[in-house]
There are 2 protein chains.
Amino acid sequence: MRRFLKKISKNSRSNEDGIFFEKITNILGFKPNNIYYYKKAFTHSSINKVDDKGNPFNYERLEFLGDSMLGSVISAHLYNEVPTGDEGYLTKMRSKIVSREHLNELGRDLNLIQFVESKVNPQHFGENIHGNIFEALIGAIYLDKGFKHCESFIQKKVIKPYVDIPKLEGKVISYKSLIIEWCQKEKKPFQFETFEDTGNEEQKYFGVKLHIDNKIVTKARATSKKKAEEKAAQRAYFVFQDQIVKK
Amino acid sequence: MRRFLKKISKNSRSNEDGIFFEKITNILGFKPNNIYYYKKAFTHSSINKVDDKGNPFNYERLEFLGDSMLGSVISAHLYNEVPTGDEGYLTKMRSKIVSREHLNELGRDLNLIQFVESKVNPQHFGENIHGNIFEALIGAIYLDKGFKHCESFIQKKVIKPYVDIPKLEGKVISYKSLIIEWCQKEKKPFQFETFEDTGNEEQKYFGVKLHIDNKIVTKARATSKKKAEEKAAQRAYFVFQDQIVKK
């Protein structure tokens, strides 16, 4: 009977692991070599877990490591992307990108908190839990796959969708004007096609399709025409970022 | 005549480059792929050099990059070497290792200042010039060869000869007792063979040969027997560091 229970619990354990493996693979965009690091990245110190050597098994040390790796990858990115920026500029921009607020946003958007094992509901740990486990995840990727891989993950999940240099510099106020200016400079035809898009909601909504080069490049929806256009333009900015920044 | 002068200056330029390449290869322990980065790492802003795009050509941005990379490599080293240390411990140890004082010592020991191109004598820039160009050199290695290579350089030039965890923790007071304890634990025969070694000097000197496992592993010379023994023991500690730390 005991053996039977043990077998059941072992099976349910590996089912759980299987689900975790699948979900984390989805978020990472690659298959982990060693799931151990990722388990650690989502274990909170409150459950007092230890590894087989008796050392604490939780994400705190991984957070330290991930913070360092993230800083290096962002430094190298800024060094290459902004050849005119001096070391004061680079330091300031890096601290904006890796700000607590920004990291919390990243962790929250990836919904990392769903994986956290802790004594109490992880939602009670406050906002910083999101950023902390995001950093721990980067530490885990570094240990599991090495620096290059860690760098591509940060490129894909941090830099591409979030690092908006002109906005961080406080230079871009309106993405709509930026996109218009760029289209005019590049002689690309463009059109903000707006329409009412309220549907069943009480609140009025507007939709925008942004056409560039006679193709719909982005869509957006908001409570005013102006807001929807700005949203669509910002999305277009992210699509064409490489081309726009180089100008 | 003008063409002739140009030719001479071009030749002497490439001779200069050849000497620089040879010297820097010696310090690095590998051949650079692109000497450009290393030239930049030793160019001071006082000479107002610019690159072919008109951007400042000096080490300041490389220093920013190297500082980041050094931090990451040290973080990963500490993470792996001290599995019992929490994030507070890791942060404190890292800042001890990458302290301004320590980096200046490293740069000075490698005699990097010999390469600095500046308007005035680089010795006038104060102590920090040594650490700054050491960091810039690390930035150059990263750009030239990538992270893995940068990591091995730091392993060889920083961690192996300088990172002495027990000493940084303030735990080791006497290397002699440490070595004796370790030899006893490992059942290795050892002997501190001391002798007067004054030679032609006025001051009395003592020499020590430290035998472990019936081989001379280190030698030292100092103004007292005690000092010479401590020096020899410290050197032995660096030789056997990996084995001793794991105990």
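How many aromatic pairs does a search of the whole structure find over all chains? The search gives 19 aromatic pairs. The model is predicted, and the legends below describe close-up views of it.

**Figure 1. Aromatic pair Phe20(A) and Phe42(A) in chain A.** The ring centres of Phe20(A) and Phe42(A) lie 6.1 Å apart, and the ring planes stand at 80°. Planes over 60 degrees apart count as edge-to-face, so the pair of Phe20(A) and Phe42(A) belongs to that class. Phe20(A) sits in helix 1 (residues 2-28) of chain A, while Phe42(A) sits in the loop between helix 2 (35-41) and helix 3 (60-81) of chain A. The two residues are 22 residues apart, and their pair links distant parts of the chain. Phe20(A) has 10% relative accessibility and counts as buried. Phe42(A), at 2% relative accessibility, counts as buried too.

**Figure 2. Aromatic pair Tyr175(B) and Tyr237(B) in chain B.** Here the ring centres are 5.2 Å apart and the planes are at 55°, so the pair is tilted. Tyr175(B) belongs to helix 9 (residues 175-185) of chain B, and Tyr237(B) to helix 10 (residues 225-245) of chain B. The pair links distant parts of the chain, with the two positions 62 residues apart. Both Tyr175(B) and Tyr237(B) are buried.

**Figure 3. Salt bridge between Lys176(B) and Glu229(B).** The side chains of Lys176(B) and Glu229(B) meet at 2.8 Å, N to O. Lys176(B) is in helix 9 of chain B and Glu229(B) in helix 10 of chain B, 53 residues apart. Helix 9 and helix 10 of chain B also hold the tyrosines Tyr175(B) and Tyr237(B), respectively. Lys176(B) is partly exposed, with a relative accessible area of 25%, whereas Glu229(B), at 12% relative accessibility, counts as buried.

**Figure 4. Salt bridge between Glu135(A) and Arg100(A).** The structure holds 16 salt bridges over all chains. In the one shown here, the closest N and O atoms of Glu135(A) and Arg100(A) are 3.3 Å apart. Glu135(A) is part of helix 6 (residues 128-145) of chain A and Arg100(A) is part of helix 5 (residues 100-109) of chain A, so the salt bridge ties together parts that are 35 residues apart in sequence. Glu135(A) is buried, with a relative accessible area of 2%. Arg100(A) has a relative accessible area of 32% and is partly exposed.

**Figure 5. Salt bridge between Glu127(B) and Arg108(B).** The N to O distance between the side chains of Glu127(B) and Arg108(B) is 2.4 Å. Glu127(B) lies in the loop between helix 5 (100-109) and helix 6 of chain B, and Arg108(B) lies in helix 5 of chain B. The pair links distant parts of the chain, 19 residues apart. Glu127(B) is partly exposed, with a relative accessible area of 41%. Arg108(B), with a relative accessible area of 36%, is partly exposed as well.

**Figure 6. Interface of chain B and chain A.** In this view 28 residues of chain B are in contact with 28 residues of chain A. The area buried between the chains is about 2,600 Å², and carbon and sulfur atoms give 57% of that area. Arg61(B), Phe64(B) and Tyr79(B) supply 34% of the area that chain B buries against chain A, more than any other three residues. The rule finds zero salt bridges across the interface, but 15 residue pairs in polar contact. On the side of chain B that touches chain A, the elements giving two or more residues are helix 3 (60-81), helix 4 (87-97), helix 6 (128-145) and helix 7 (147-162) of chain B. Helix 3 of chain B gives the most, with 13 residues. By class, this side of chain B has 12 nonpolar, nine polar and seven charged residues.

**Figure 7. Ser72(B) and its surroundings.** Ser72(B) is found in helix 3 of chain B. The residue is buried, with a relative accessible area of 0%. A polar atom of the Ser72(B) side chain lies 2.9 Å from the backbone oxygen of Ser68(A). Leaving aside neighbours within four places in sequence, Ser72(B) is in contact with Ser68(A), Met69(A), Ser72(A) and Phe147(B). Phe147(B) forms one aromatic cluster with Tyr142(A), Phe147(A) and Tyr142(B).

Technical notes. Residues numbered from 1 in each chain as written. Chains lettered and ligands numbered in written order. Predicted model: local features only at pLDDT ≥ 70, side-chain atom pairs only at ≥ 80, totals over all residues. Heavy atoms only, no water. Contact = heavy atoms within 4.5 Å. Buried area = accessible area lost by both parts, 1.4 Å probe. Salt bridge = Lys/Arg side-chain N within 4 Å of Asp/Glu carboxyl O. Polar contact = N/O pair within 3.5 Å; in protein donor to acceptor, adjacent residues only side chain to side chain. Helix = DSSP H or I, 4+ residues; strand = E, 2+ residues; numbered from the N terminus. Nonpolar A, V, L, I, M, F, W, Y, C, P; charged D, E, K, R; others polar. Phe/Tyr/Trp six-rings, centres within 6.5 Å; stacked < 30°, edge-to-face > 60°. Buried < 20%, exposed > 50% of the residue type's maximum accessible area, 1.4 Å probe, protein only.
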